[in-house]
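Visitor: Could you take me closely through a single part of this model, the surroundings of the bound ligand, and then show me how that part sits in the wider chain?

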Amino acid sequence: MKPSNIYLDLLKRHFGFHSFRSCQGDIVDHVCNGNHALVIMPTGMGKSLCYQIPALHFANIEHADDRKPLTLVISPLIALMKDQVDALTRKGVAATFINSSLSRQERTQRYQQVEQGQFDLLYVTPERFRKVEFTKLIKKRHVCLLAVDEAHCISHWGHDFRPDYTRLQEIRELLGNPTTVALTATATPVVQQDIVTQLGLTPDNIQLFHEGIDRPNLALDIIKTWGDDEKLDYIQQTNGSIPGSGIVYFTLIRTLERFSERLRENGVHHLSYHGDLPRARRREVQNWFMEDECLVLATNAFGMGIDKESIRFVIHAELPGSLESYYQEIGRAGRDGNPSQCTLLYDEADLATQMEFMRWSNPDVSFYQRVYDLLEHDNEKVMAFGIDWLKEKLHARQKHDRRLETALGMLDRYGVIEGSVANAKVKVIKPLPIDITDQKLAEQKLRADQEKLYQLVQYANHEGDLKNFIHQYFGIPSK
Ligand code: ADP
Ligand code: MG
């Protein structure tokens, strides 16, 4: 059989699909031949198959290695691992995960199974490599493919930065430098470069596959507005004239609620979705949205795992934080290929919210130091009173002041603290890493955030072709 037929056969047999989408086939071919790939493809287009088909292929062929072949998938989100593994298992693919959600007993069993050569795919977080037990285990398998999902987490400049992703070169060496495929939905040229470097590769030995949202069916538009009324009019008008489902994105829950109230008064039927709603309610809203045609007002908490094909419009009623998030969010429209409208309602006054966010998400070095000192020296009080007490001490009680949450999140990612991060009942277990105490790095990060917002404002004021602007920003080659 020709190689391309072998891959198609795997695609049909395990996934029930009859053809590859866009450049999936080329990527599979490239990776199955032992070549490295950096895959940039919008969410929902099908990045997973780009390593799952090679994983099945590598599991089937002969290797000059006594150990059983394995594809290792590094993924930052524990929450998504279980769903991905369950979906694969239903398709008869031998996949599993190891992460901190497992009980000690389950974990021991999983380790044994992996050691005995069970499973063709194993999903882990990068933090797993902190455990000697795991690094010993993984050497007992022949890792023939390393897949790094959500590879943008490598970048210091992204909001999703994961310190352990910067250890990928070391991890690759430990695994014997296997064929590597890194995947992400969005990466600017700077981030692409960063990914390649962190993997210990150079641009000549990793091939870039860059698939932008090349959906001619998406119509992009920017409308300058002033005040709530103009925005409300546009939302009602669009909702009234475009049949089918739509999403209106907001930055602040407060604004979302204000609009929801007014739409209700005007008799416009809609759903609301944001992070302050109880989990059960969010699930319910998500289910309704998937089943019916409707309008949903949402913050960026809405979207993960939404793969409704027929979203006819996405309106941004407030300025998002960056073109990365804007691009991700409009990418949810029109997956079925039918005409869909994506509009940014731009009110200059909204810029202030993003500027404020930026300030709060970049605590300075001395703030980290103060948090660290409190956690270390007043730990009894911290454990007793948690986040409120800390905020009081840090004079961080202003609305939207999320510096403490940001700092705790970062300390957690660096493995500096241990305990319940959500309510700040944590204690320190390591000194502050130099990455956090480095004033220069902090300034660079703030400047990078400012630049992102600046680019978004440029976009909002752009008078030429909007898709071109986005393509240039992400370095997507024009076709
Ligand atoms: P991404 O990781 O890029 O966001 P996924 O890999 O999760 O996307 O795939 C999104 C959806 O697209 C899944 O439901 C998947 O089954 C479907 N899909 C992927 N490739 C194909 C294909 N070649 N044919 C049909 N459906 C596909
Ligand atoms: Mg994915």
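Guide: A suitable place to begin is the backbone of G46, where an N or O atom lies 3.1 Å from an oxygen atom of ligand 1; this, like every value that follows, is computed from a predicted model. Beside that backbone contact there are two made by side chains: a polar side-chain atom of K47 lies 2.8 Å from an oxygen atom of ligand 1, and a polar side-chain atom of R21 lies 3.2 Å from an oxygen atom of the ligand. Taken as a whole, the protein covers 71% of the 570 Å² of accessible area that ligand 1 has on its own.

The shell around ligand 1 holds 14 residues, and those that come nearest are S19, Q24, G44, K47 and S48. K47 thus appears both in this nearest group and among the side chains with a polar atom close to a ligand oxygen, at 2.8 Å. By character, the shell divides into 5 nonpolar, 6 polar and 3 charged residues.

To place this site in the wider chain, it helps to turn to the domains, of which the protein chain has three: domain 1 (5-210), domain 2 (218-349) and domain 3 (361-437). The centres of domain 1 and domain 3, taken over C-alpha atoms, are separated by 33 Å, and the contact of these two domains takes 8 residues from domain 1 and 5 residues from domain 3.

The relation of domain 1 to domain 2 can be followed through enclosed empty space. A search of the whole structure finds 2 cavities of 30 Å³ or more, and the second largest cavity contains about 50 Å³ of space. Its lining is made up of 10 residues, with P42, T43, Y327, Q328 and G331 lying nearest the centre of the cavity, and the lining divides into 4 nonpolar, 4 polar and 2 charged residues. Because domain 1 (5-210) and domain 2 (218-349) both give residues to this lining, the second largest cavity lies between them.

Methods: Residues are numbered from 1 along each chain as its sequence is written. Chains are lettered from A and ligands numbered from 1 in the order in which they are written. This is a predicted model: local features need pLDDT of at least 70, side-chain atom pairs count only at pLDDT 80 or more; totals for chains, interfaces and linings use all residues. Side-chain values use heavy atoms; hydrogens and water are left out. A residue is near a molecule or strand if one of its heavy atoms lies within 4 Å of it. A polar contact is a pair of N or O atoms within 3.5 Å; within protein, one must be able to donate a hydrogen and the other to accept it, and residues adjacent in sequence count only if both atoms are side-chain atoms. Accessible areas come from the Shrake-Rupley method with a 1.4 Å probe; for residues, only the protein chains shown count as cover. Ala, Val, Leu, Ile, Met, Phe, Trp, Tyr, Cys and Pro count as nonpolar, Asp, Glu, Lys and Arg as charged, and the others, Gly among them, as polar. On a 1 Å grid over the protein atoms alone, a cavity is a set of points where a 1.4 Å probe fits but cannot get out, and a pocket is an open set with protein on both sides within 12 Å along at least five of seven lines; lining residues have an atom within 4 Å of a point. Grid points are joined across faces, edges and corners, and a volume is the space filled by probe spheres set on the points. Domain bounds come from an automatic or database domain assignment. Contact means heavy atoms within 4.5 Å.
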